[in-house]
Amino acid sequence: MSEKTFKILVAGHFGAGKTTFVRTISQIETVNTEKKTTLAEEKAKKETTTVAMDFGEYTNKYGHKLRIFGIPGQERFSFMWPILAKDTKGFVFLIDSTDTSRWFEIPKQLKILMKVSPSAPILFVANKVDLPDAMSAEEVRQKLKIPPHIKVIEGVATDKNMVEKILDELTEEILKRNPELKEI
Ligand SMILES: Nc1nc2c(ncn2[C@@H]2O[C@H](COP(=O)(O)OP(=O)(O)OP(=O)(O)O)[C@@H](O)[C@H]2O)c(=O)[nH]1
Ligand SMILES: [Mg+2]
């Protein structure tokens, strides 16, 4: 693997927009593991869910090649979380800013991911802010009690420019902590 290639993980609760995020930005055909939702509560939200992982790649304008993995949000597939978190250099943590019904899943997921890669920065994203009644990043921060030194930004996983901006912000944090990745 080239020194400028690194792994990032897109995390977040069920339906937060992880698969959408990876699909929007990937420059290669993505790997997806979508299956039909089965439980009534999930079916009501969407038709498919990720059962193992998403994968895509994105090379930014500085030549950093990001290998982007997405986790399955549902807890019954949580055996994949530590596997996918291994060796990740940074996390994008998506939160649906229009719907708090699955936010209860966030703490456990965070705990598991951070235990595996404790030094990787996390960028929280208040996703779906294109929708009416979306909360602002600040509202999401307050409701989830995210401390001030951790970044929370607004995002739209369907919008390529916004996803690029999110990845650029995370990459900046990653490079601060891993200066060797700046080298060619
Ligand atoms: N309006 C809007 N819809 C979004 C956005 N991001 C995702 N969605 C929609 O939200 C739904 C859930 O998106 P997914 O990408 O499947 O969510 P996920 O986090 O991968 O879900 P699981 O893998 O099942 O945990 C889909 O219908 C997406 O089209 C966004 O930024 N804006
Ligand atoms: Mg998914």
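Ala, Val, Leu, Ile, Met, Phe, Trp, Tyr, Cys and Pro count as nonpolar, Asp, Glu, Lys and Arg as charged, and the others, Gly among them, as polar. This is a predicted model, in which local features need pLDDT of at least 70 and side-chain atom pairs pLDDT 80 or more, while totals for linings use all residues. Residues are numbered from 1 along each chain, chains are lettered from A and ligands numbered from 1 as written, and side-chain values use heavy atoms without hydrogens or water.

**Exercise 1.** Find out which residues are the closest to ligand 1 and which element gives the most to its shell.

*Solution.*
- Step 1: Start with the neighbours. Ligand 1 is surrounded by 19 residues (a heavy atom within 4 Å). Lys18, Thr20, Lys46, Thr49 and Asp130 are the closest of these.
- Step 2: Sort the shell by class. You should arrive at five nonpolar, 10 polar and four charged residues around ligand 1.
- Step 3: Turn to the elements, here α1, a helix (a DSSP run of H or I, at least four residues). With three residues, α1 gives the most to the shell around ligand 1.

**Exercise 2.** Work out how far oxygen atoms of ligand 1 are from N or O atoms in the side chains of Lys18, Thr49 and Lys128.

*Solution.*
- Step 1: Pick out the polar contacts (N or O pairs within 3.5 Å).
- Step 2: Look at Thr49, where a side-chain N or O atom is 2.5 Å from an oxygen atom of ligand 1.
- Step 3: Repeat this for the two lysines. For Lys18 the distance from a ligand 1 oxygen is 2.7 Å, and for Lys128 it is 3.0 Å.

**Exercise 3.** Describe the largest pocket: what takes its space, and which residues are the closest to its centre?

*Solution.*
- Step 1: Learn the term. A pocket is an open set of points on a 1 Å grid where a 1.4 Å probe fits, with protein on both sides within 12 Å along at least five of seven lines; lining atoms are within 4 Å of a point.
- Step 2: Place the ligand. Ligand 1 takes the space of the largest pocket (more than half of its atoms within 2 Å of the grid points).
- Step 3: Read the volume, which is about 390 Å³. Among the 23 lining residues, Gly15, Gly17, Thr20, Lys46 and Lys128 are the closest to the centre.
- Step 4: Group the lining. It holds five nonpolar, 11 polar and seven charged residues, and α1 gives the most to it, with four.

**Exercise 4.** Now describe the lining of the second largest pocket by class.

*Solution.*
- Step 1: Begin with the space, about 250 Å³. Of its 13 lining residues, Pro121, Ile122, His149, Ile150 and Arg177 are the closest to the centre.
- Step 2: Find the main contributor. α6 gives the most to this lining, with three residues.
- Step 3: Divide the lining by class, and you get eight nonpolar, two polar and three charged residues.

Technical notes
A polar contact is a pair of N or O atoms within 3.5 Å; within protein, one must be able to donate a hydrogen and the other to accept it, and residues adjacent in sequence count only if both atoms are side-chain atoms. Helices (H or I, at least four residues) and strands (E, at least two) are DSSP runs, numbered from the N terminus. Grid points are joined across faces, edges and corners, and a volume is the space filled by probe spheres set on the points.
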